[in-house]
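This report addresses salt bridges and the contact between two chains. The sequence and structure under discussion are shown here.

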Number of protein chains: 2
Amino acid sequence: METVTNAIAHLMRPQSVAVIGASADSAKTAGRPVAYLKKHGFAGTVYPVNPRYDAIDGIACYPDVASLPSAPDVGIVLLGAERAHVAVGELAARGTHAAIVLASGYAETGAQGAQRQAQLLEAAGSMRLLGPNTIGLVNLTDRITLSASGALETDGLRAGGIGVVSQSGGILGALLSRAAASGIGLSKLVSTSNEADLDMADFIDYLVDDDATSVIALYMEAVRHPQRFRAAALRAAQAGKPVVAFKIGRSESGARSAVSHTGALAGSDRMYDALFRQTGVIRANTFADLLDLPNALSSARRPAGKRIAILTSTGGAGTLVADSLGVAGFETPPPDDATAARLRALQTGDHAVLDRNPIDVTLAGLQPDLLRAAIRTLLESPGYDAVAVIVGSSGLAMPDLMAGAIRDSLPGTSKPVIAYVSPHAPTITRLLNSEGVPALTSPESAASVIDAMWRHGQMLQRGQVMLAPLPRVVEIGAGELPIGSLDEAQAKALFARFGVPSVREIAVTSAKEAEDAARALGDKVVLKLLSNTITHKSDVGGVAVGVSADAVGARLNRMRDEVETATGVAATDFLVQEMVTDGIELILGLHRDPLGTAVLLGMGGVAAELINDTSMRMLDPEAGLVREDALAMVQELKTFPLLDGFRGRQPADVDALVSAIVAFASMATELGERLVEAEINPIFVLPRGQGVRAADGVAVIGGDA
Amino acid sequence: METVTNAIAHLMRPQSVAVIGASADSAKTAGRPVAYLKKHGFAGTVYPVNPRYDAIDGIACYPDVASLPSAPDVGIVLLGAERAHVAVGELAARGTHAAIVLASGYAETGAQGAQRQAQLLEAAGSMRLLGPNTIGLVNLTDRITLSASGALETDGLRAGGIGVVSQSGGILGALLSRAAASGIGLSKLVSTSNEADLDMADFIDYLVDDDATSVIALYMEAVRHPQRFRAAALRAAQAGKPVVAFKIGRSESGARSAVSHTGALAGSDRMYDALFRQTGVIRANTFADLLDLPNALSSARRPAGKRIAILTSTGGAGTLVADSLGVAGFETPPPDDATAARLRALQTGDHAVLDRNPIDVTLAGLQPDLLRAAIRTLLESPGYDAVAVIVGSSGLAMPDLMAGAIRDSLPGTSKPVIAYVSPHAPTITRLLNSEGVPALTSPESAASVIDAMWRHGQMLQRGQVMLAPLPRVVEIGAGELPIGSLDEAQAKALFARFGVPSVREIAVTSAKEAEDAARALGDKVVLKLLSNTITHKSDVGGVAVGVSADAVGARLNRMRDEVETATGVAATDFLVQEMVTDGIELILGLHRDPLGTAVLLGMGGVAAELINDTSMRMLDPEAGLVREDALAMVQELKTFPLLDGFRGRQPADVDALVSAIVAFASMATELGERLVEAEINPIFVLPRGQGVRAADGVAVIGGDA
């Protein structure tokens with residue numbers, strides 16, 4: 001089998017390309033690849049293959065793959081799904097490194113198509129495959145276009161530092177033409193589409209090692225191989241290359257079924273959020289951000305803090321950007337005295353506003369020397385971490401001067417400078433972007449771009465803590481585990497073996513035993529039915545809270561009667577538990593998803609449930625969950641202040657909660673697929689220093705496979 | 001004084017315009033107005049005024065206003081702030097209807113500028129004033145440009161149905177050039193800026209009556225005259241003309257000080273939200289939406305429901321739009337059987353996906369006849385309320401055909417059709433917009449546009465309930481009111497007079513009285529310190545909950561000691577209250593803001609407080625608050641299900657809560673400025689049929705003015 005690395009190296013920089021099913025009519029889709037290779041200056045050999053022509057546009061055309069004078073590095077197959085596998089087989093037979101199959105009609109159409117796709121893969125043998133249903137790939141670094149995307153008609157495609165992997169061919173085309181219109185430079189673009197063989201992770205891996213690529217942009221519909229994606233994203237993080245992802249499927253939130261009640265609170269999209277957060281992937285929240293964020297991140301400039309200077313010659317647009325920055329959590333403080341004095345020394349215009357922010361130099365301040373000096377002054381001010389320059393309608397008449405002045409102020413500082421272009425002014429936007437000054441046309445993007453640069457800077461500073469594998473907490477032999485749906489006591493015993501402590505409790509079968517147990521446990525106790533078949537105890541009268549030792553015997557007898565009346569089952573076992581009165585209730589559960597397994601933490605109480613106050617992290621099948629992530633889960637809860645001494649309350653034992661989350665995660669990685677379901681509900685977090693207590697829980701253990 | 005109506009009519013359609021301080025150099029700002037009047041085809045008389053020239057571009061120039069052959073309808077004053085008032089005085093003396101003052105350096109710069117502005121206004125006398133610090137106005141309906149905006153250099157300005165009022169001149173320019181680039185048509189644009197005289201509300205009023213305007217778009221920094229704005233927005237609502245507002249200042253949320261604790265929960269931006277909601281103004285959440293939403297709303301098409309068909313020839317972009325629609329709460333169901341059959345009958349392409357949504361006709365479906373028939377089929381389907389057509393890269397080559405096919409399918413249905421343009425394709429975007437098909441370039445805007453059309457349709461259906469004035473609940477003589485900070489019992493008595501019932505309670509001064517009171521009130525009671533000086537009772541030991549009648553006497557004595565120790569004040573008065581055990585706690589308060597007065601409702605409990613679970617409505621100084629708005633306030637709470645029988649709970653008495661909110665609002669409108677502060681905290685909502693009870697509260701009454 002051709003290695004992935006080798007195959008992608010050939011796909012990106014082939015010496016020779018065969019185009020199977022090439023048309024001589026460049027207006028047709030099948031005519032495009034040969035025409036585009038020529039248009040964009042491919043220096044290698046092109047072999048059109050089509051029995052109907054002797055030559056296409058002056059290039060010799062061959063009747064079939066077998067007739068080619070030499071084995072092509074790459075084959076682009078333009079035939080329909082009914083014939084593509086034949087060409088693929090022939091290319092493989094010639095020793096071609098990789099084939100690109102554009103036809104649709106495969107797995108995306110249903111079962112029959114999936115079968116066709118399997119046949120295609122079989123035909124490829126040891127040759128690697130991109131597609132099917134792909135629009136191909138474009139290497140702008142070397143101006144090699146192996147694609148039929150109509151967007152390649154566009155002139156002015158700029159080579160640059162952004163590598164794009166898209167699971168949609170149409171979106172690849174949209175990004176190509178939009179980037180060209182904005183002067184944003186791209187390195188390589190590939191549409192992986194059906195991913196019968198090569199997938200998103202393979203190309204991320206390639207781009208991490210590609211010197212021409214400084215940022216990776218992903219358009220994702222679904223990750224087919226989460227572990228490979230995770231590994232590739234972590235490699236990018238280690239290499240310091242930012243990864244920006246736009247993931248669709250946000251509205252399917254909550255639609256997927258989940259294994260347990262807490263699981264149902266979290267939709268699959270939240271799993272992606274967790275995955276991105278844990279691998280340092282920056283999520284683009286709008287489609288426009290999928291170009292704007294990588295474009296800004298392609299420079300190494302990162303703001304060290306959150307104080308942004310806004311320099312404007314037009315009040316309104318400056319306020320607009322200031323407001324968007326404020327919504328995103330940034331500050332726009334006025335210049336300090338020294339900076340204001342330097343600004344005043346530059347300009348004597350009577351209505352310039354130099355001691356507020358936005359700093360308004362008015363139209364008079366638009367002379368290039370003045371503008372350059374003002375930007376430089378703000379960059380040199382210790383009070384600012386980045387500068388946003390507003391380009392107003394008055395800049396329209398002098399795009400070069402404006403762009404030049406901004407660009408000239410970049411050297412000598414590593415602080416970011418961005419531009420917001422207020423009117424429709426594509427020329428100046430293109431110019432700025434191509435000069436290395438991120439130019440935004442929406443105030444919201446201006447804010448999200450600064451936010452992304454800030455977040456990535458923070459990530460670089462923190463390092464990639466998520467990479468450190470955890471020591472396993474418990475080694476547990478599979479044989480020791482009970483099988484099936486555990487009762488409450490068994491479930492908590494299981495959690496305790498992995499390090500999550502329980503409330504004190506004693507299993508009883510009679511009124512007398514219950515009384516003895518209650519006396520041993522304290523003032524008031526909780527009495528519960530103990531059963532591995534009746535899961536909703538409280539619905540059938542199987543829970544009594546705050547029972548005194550004197551009353552617990554009679555209460556047990558009454559509970560036995562009520563449960564039997566409600567369920568028809570004679571209850572034999574009961575649990576007497578200490579009553580926790582000064583703890584805060586949370587829920588700790590497991591969420592299974594096509595993407596992997598996650599730990600879900602939720603605040604207890606109806607109000608928290610109504611607002612779905614939960615947080616989630618995916619488990620690394622090897623490493624489980626690190627403490628930093630567990631702590632972040634706790635702090636992400638909207639009602640976290642309840643645990644943190646809100647309004648003079650006792651701070652809760654967050655440390656112990658974090659340990660319990662890590663322990664619960666270790667249980668899940670240790671038991672793997674055998675742990676079908678697990679949830680602690682509630683887990684009480686006691687005041688600081690007093691730990692946590694699992695007060696109820698469920699666990700389902702599957703048999704060995 | 002010239003009437004506003006008359007002045008604006010002259011501003012919009014002057015027969016003659018004097019341009020004071022006109023420059024012969026059209027590259028200078030002062031050279032622009034005369035040049036633009038000519039460029040855009042003004043048919044009236046232009047009088048440049050400048051002693052330095054005899055003529056400007058062939059138009060006779062006058063040395064001063066006094067020399068003009070006749071009084072101009074409108075004067076544009078281009079002089080600086082140091083001289084503008086002189087010209088304004090001269091124009092007023094000639095009987096000019098209105099002057100436009102462009103100079104900056106007025107109220108926006110501070111106290112000295114505010115003085116200059118007052119001087120300017122004085123100089124205007126009975127003449128009306130637009131500005132100062134304005135970029136002027138543009139009437140595209142009649143191609144009259146009274147503006148120096150550099151955006152008027154733009155060719156291809158389209159006249160259309162959107163009227164724009166902007167409080168920023170720079171933003172007016174940005175909207176002008178952006179609209180021209182997108183083929184979006186505008187009627188009138190005006191920058192009101194400092195609003196020394198004519199303000200936003202005046203121009204909204206004009207646009208409501210302007211036949212050429214079908215939608216009003218507002219760029220707002222701050223409403224200076226809330227009552228006038230409110231009245232104008234309600235007139236627009238009554239006329240069925242949608243108003244879309246982009247309001248900056250979202251990030252100042254919570255920064256403003258407020259009169260009471262609950263007030264502090266709500267920032268001023270929420271007041272605008274309340275104002276918009278109560279006047280039917282649709283808020284644009286992104287700057288791009290400020291053009292996209294009005295553009296879509298300028299047709300009368302409104303979706304009757306939330307089911308959207310997406311027609312595409314490229315998978316990715318269709319999914320992108322479907323996902324954004326899903327996030328916005330819309331459905332994209334597959335075609336029903338009959339519709340799918342009709343689609344199949346149109347096309348025999350083997351890979352077209354016609355039984356899902358997005359409906360993918362593939363490239364083969366891009367033939368105009370086919371496309372037209374497919375759109376028509378979807379519009380005729382009873383299963384869809386609107387159709388979104390995706391334009392992919394393949395449409396680039398045939399913009400006219402694509403746009404024509406979409407336009408041709410419009411007649412015969414009132415369902416909306418919008419287009420999402422996936423690649424950078426300004427030609428097709430312009431064409432579609434100018435043909436009346438809203439064309440969006442971001443998937444998020446595609447969703448917000450459909451959402452705005454849906455919401456406006458709902459508003460039209462519901463009618464303007466907020467217009468009905470309420471009967472006053474209580475007529476209360478001012479003399480009867482106690483003055484100053486009321487104690488708890490007085491405050492609740494006040495609330496009760498307006499119709500908000502209290503818990504039963506008895507004021508006592510001794511242990512013996514407390515015991516008698518407790519026996520009269522029930523099993524367990526609440527004992528509280530009663531004081532109009534100590535506001536935070538619980539902080540000084542002044543609240544005891546769940547006290548029995550037997551214990552209450554001793555408890556009172558202990559409380560007296562504790563309070564004295566804590567405050568140094570000898571407590572004399574106490575309150576014995578019935579204890580409410582089965583109610584849900586909320587907070588009902590008043591929020592004072594520069595914009596007006598609002599009623600604030602908040603869910604009680606720490607979790608709800610942490611997520612700031614509150615809702616707000618502004619009070620009409622005359623009408624108070626209508627029941628529909630009060631009910632909406634309750635239903636907007638994130639934790640509303642707590643009141644509504646969540647998880648088998650008893651439903652709470654929402655009806656009584658709504659009555660209490662309306663009563664509280666009536667108190668506020670009735671007492672007006674005299675009610676400095678008022679808050680009921682908590683108000684208990686009992687189970688359905690049992691009403692509400694105010695359990696504690698504060699009120700501060702000011703003296704007569």
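Helix α19 (residues 549-567) of chain B holds both B:E562 and B:R558, which are four residues apart, about one turn of the helix. Helices (H or I, at least four residues) and strands (E, at least two) are DSSP runs, numbered from the N terminus. The side chains of B:E562 and B:R558 form a salt bridge, with N to O at 3.4 Å; the term denotes a side-chain nitrogen of Lys or Arg within 4 Å of a carboxyl oxygen of Asp or Glu. B:E562 is partly exposed, at 31% relative accessible area, and B:R558 is also partly exposed, at 44%. Here buried means under 20% relative accessible area, exposed over 50%, and partly exposed in between (1.4 Å probe, protein chains only).

The model is predicted: local features need pLDDT of at least 70 and side-chain atom pairs count only at pLDDT 80 or more, whereas totals for chains, interfaces and linings use all residues. Residues are numbered from 1 along each chain as its sequence is written, chains are lettered from A in the order in which they are written, and side-chain values use heavy atoms, with hydrogens and water left out.

Over all chains, the search finds 70 salt bridges. Three pairs in chain B are listed below.

| Pair | Closest N and O atoms |
|---|---|
| B:D57 and B:K38 | 3.1 Å |
| B:D269 and B:R283 | 2.9 Å |
| B:E562 and B:R558 | 3.4 Å |

B:D57 lies in the loop between β3 (55-56) and β4 (59-60) and B:K38 in helix α2 (residues 32-39), so this pair ties together parts of chain B that are 19 residues apart in sequence. B:D57 is exposed, at 55%, while B:K38 is partly exposed, at 48%.

B:D269 belongs to helix α9 (residues 268-279) and B:R283 to strand β14 (residues 282-283), so their salt bridge ties together parts of chain B that are 14 residues apart in sequence. B:D269 is buried, at 9%, and B:R283 is buried, at 10%.

In chain A, a network of salt bridges links A:E488, A:K492, A:E505, A:K528, A:K537 and A:D696.

How many salt bridges are found across the interface of chain A and chain B? The rule finds zero there. Nevertheless, 64 residues of chain A are in contact (heavy atoms within 4.5 Å) with 65 residues of chain B.
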